[in-house]
Every structure is written in structure tokens, then in C-alpha cells.
Amino acid sequence: MSLHVPEHLRDLRARVHAFVVDRVEPAEPVLHRGGAEAGALLARLQREAKAEGLWALGHPAELGGGGLPFLDYVFINEVQGRSEFGQLALGTWTLQDSLMLHGHAAPRWRERYLAPLVAGEISPSFAMTEPDVAGSDPTGIRTTAVLRDGEWVINGRKWFTTGAKEAAYTTVMCRTEPDAPAHSAFSMIIVPTDTPGYVIERDTPVLGIEHGHYEVVYDDVRVPEANLLGERGKGFRIAQERLGPGRIFHAMRWLGQAQRAFDLMCRRMREREAFGGPLADKQLMQQFVFDSYTEISAARMMTLAAAEQIDRGDEARVEIGAVKVVGARMLHNVIDRALQVHGAAGLTDDLPLSFMYRAARFARLYDGPDEVHVQSVGRRVLSQYRDGGNWEFGLR
């Protein structure tokens, strides 16, 4: 495993980095406000990314994407992640959903959705979380789908369905096998968002941000039996296929955000003077740099090691769980220090740190709360010590 960007990727990664820094980051104030102006600006950025060969780099080539192998795309995702809008501007927002359709959807849905998804002409959404069920234990999902006369009849309520308002469809995890064991009781079903009974109740504000996380009611929603994604009762397996690599993508984007915050912090220390000299000369400020450097380096090493294991075909559940927790904590800590160094200015929306700080807090909850991953990693490691075994770090 190399921590350095492979030689064959350096030019492409530099081009993505320049696109995000020079064009996407300056556009953030308008994009955050939303509305027609934001929509037009995002569309322009997407056209520019396509024209410059930077569009949908992680999507398979046969779907119209850039065809980068998983490990190559991991390095690209790191710089793309500097901005909340990097995925949207560069066409990779739909990656996990297009791969899910590509691997499991019936031909009808592959033909209808895949090419437009990769081209950025439509967007997807994914519904798993429910307001009355602990997200850390999805076996409690209450939304049901019953097969009647060749149609799935879906009833329930989901929230944090990101992008539902603009999405062409939602992939919904439903309880379809009430008498099956917990992890075989659920299926994935494709629901076009214009289906009668699909009702968006609200955009749920989070930490003062209207972030496009919608609460949706399914009131006798009826879709054809062929809308099943994959096999009945295999919803958890499909979800794990989606979430495992997805956590690596999250962690690499967090590293991009941390790099941005680290840059802002170090530049501020060089430029700002207090008590007779630059902040960079103060030992406490140097401690901030040291702590941030070591946390970023450790998280990056762990993330790339986990990505390499996945690329070899290993589920890497211990490694992914650890990366999710360590990466989320690292992100918060680095942004927090950068904000502290900027003082009162860091609290304003004149700088990106205010939004970054709030968004970083989501990382400890989505794709599973930290506590669940900590417990899972601890349990899996300890299981290796049964019957005289051990966890050998050098052989993982």
C-alpha cells in the first residue's frame, strides 16, 4: 500500500483539485443559498466538468463514466471532497445508486435510469432511516411492502431521504418477509417519486442547515412487482454492498475537508499577529498543527489500507468500522482547531468553516453512529482471541 498518489493519477488529480479550488469553492455562497441562481451555476459547473473530461470519473465506462478503478477513484475522491458540492459539480453524486442499479435492477429500470443518472440528467434517493426506529438497529424498520395482485403496496414513513424532492425515484428498504429472520426480512423496492401516495412532508433542517434531507410518507404506494431490486429478502446484503465502499468514499472526502481546514488554519497562523508576533510562533498554535497533522496522517493511512483490502475482495468490516469512527473524529477536531485559530471570524459565514463545522457533526451519525461501529470492531477483534487465537496486525 502506498500513501502517495500513484504517478499515473497525478495529472488527473491535479486537474480535479484545481477545478474544485478555483471554481467550486468560490461558488459555495451562491450554491448554499439555493434557488434559480444556484441551479444555473451548478449546471454551468457540470457542463465545464464534462467538457474538461472530469465528469463521473468513478462510474464504470460501460455506463458512460470515467471508468476509474476503485483504488484510483479513492485518491480522486479525496480532493473532490474539499467542497460539499464537489460530487454534484463533478457527477459522482449518483455513484452508489448507479452501481446498485447496475448490479441488481431489472432490465427495465437499468434502461430507464442508468444512463440519465450517470449523465447527471436525473438524481436518485435512498430511503432506509425512519423517525420512530433507532437507525443503529435497522432490523426494527417498520415500513412494509405487501405483494398483492402483481403490485407491491408500501406503507410507512422514512426520513433523511436525501434529495427526495429533486429525485426521479427512491430506493426504499421495506419489510417484505414478516416471518423471516431479521436480516432476511427486508427487500429493496424502486419507487418513482411521482407515484400516488408518495408524499414529501418536509425538508428536515439539521443544525440550522436546510440540507435536502426529506421526511416522506408512503401511503398505500403501489408499484409493479418488477420494481423489486435484486431478490426478496436480500435488502440487507444489497445495503452492505452499498455502504461498505461508501464509507471509504465518505472518509476520503472527510480527508479533503480536513486538508482544506488545515490549510486555512496554517495560513491564518502565518498572517495573523497577536502579542507581538505571528500566531505561528506561539507554542499552543504549533500544538494545533502537530495534533492536526498526526490525526490527518493516521486517518489517511487507515482509510487507504481499508480501501486496498476492499479492492482485494475482503469485506474489511473491522477496518471500515474503525475508519468511520476515526475519520469522523479527525474531521471534527481539525475543523474545530481551524475555527479556534480564526477567532470570531471563524464563526461567521464569511469563511467556510462555520458550515464545515456543522456538517462535520453529521459524520458521527450517518452510515451508522460511532457507538455501533466501536462495539462492532471491539466484538470482531475479541472474537479472534477465542481458542487461543489473536489479532495479528502485521498480517491483516
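Is Cys266 buried, exposed or partly exposed? Cys266 is partly exposed, with a relative accessible area of 23%. A few more notes from going through this one, bearing in mind that it's a predicted model.

1. Cysteines. Cys174 sits at the other end of things from a solvent point of view: its relative accessible area is 0%, so it counts as buried. Cys266, at 23%, misses the buried class because that label needs a value under 20%. As for disulfides, the count is 0.

2. Salt bridges overall. Searching the whole structure turns up 24 salt bridges. As background, side chains of opposite charge can pair when their charged atoms come close. The next points go through some of the pairs.

3. Asp97 and Arg242. These two side chains form a salt bridge, with an N to O distance of 3.1 Å. The pair ties together distant parts of the chain: Asp97 belongs to helix α5 (residues 95–104) and Arg242 to helix α7 (residues 235–271), 145 residues apart. Both Asp97 and Arg242 are buried.

4. Arg232 and Glu177. Here the closest N and O atoms of the salt bridge are 2.8 Å apart. This is another link between distant parts of the chain, and both ends are in loops: Arg232 lies between β8 (228–229) and α7, while Glu177 lies between β4 (169–175) and β5 (186–192), with 55 residues separating the pair. Arg232 has 39% relative accessibility, so it's classed as partly exposed. Glu177 comes out at 18%, which makes it buried.

5. Arg317 and Glu315. This salt bridge has its closest N and O atoms 3.2 Å apart. Arg317 is partly exposed, given its relative accessible area of 39%. Glu315 reaches 53% and therefore counts as exposed, since the cut-off for that class is over 50%.

6. A shared network. Some salt bridges have partners in common, and through them Glu25, Glu28, Arg82, Arg260 and Asp263 are joined into one network. Worth pulling up those five side chains together in the viewer.

7. Arg300. What does Arg300 touch, once its neighbours within four places in sequence are set aside? The list is Leu3, Val5, Arg13, Phe75, Glu78 and Leu255. Arg300 itself is part of helix α8 (residues 283–311). With 16% relative accessibility, Arg300 falls in the buried class, because that class takes anything under 20%.

Conventions
Residues numbered from 1 in each chain as written. Predicted model: local features only at pLDDT ≥ 70, side-chain atom pairs only at ≥ 80, totals over all residues. Heavy atoms only, no water. Salt bridge = Lys/Arg side-chain N within 4 Å of Asp/Glu carboxyl O. Helix = DSSP H or I, 4+ residues; strand = E, 2+ residues; numbered from the N terminus. Buried < 20%, exposed > 50% of the residue type's maximum accessible area, 1.4 Å probe, protein only. Disulfide = S-S within 2.5 Å. Contact = heavy atoms within 4.5 Å.
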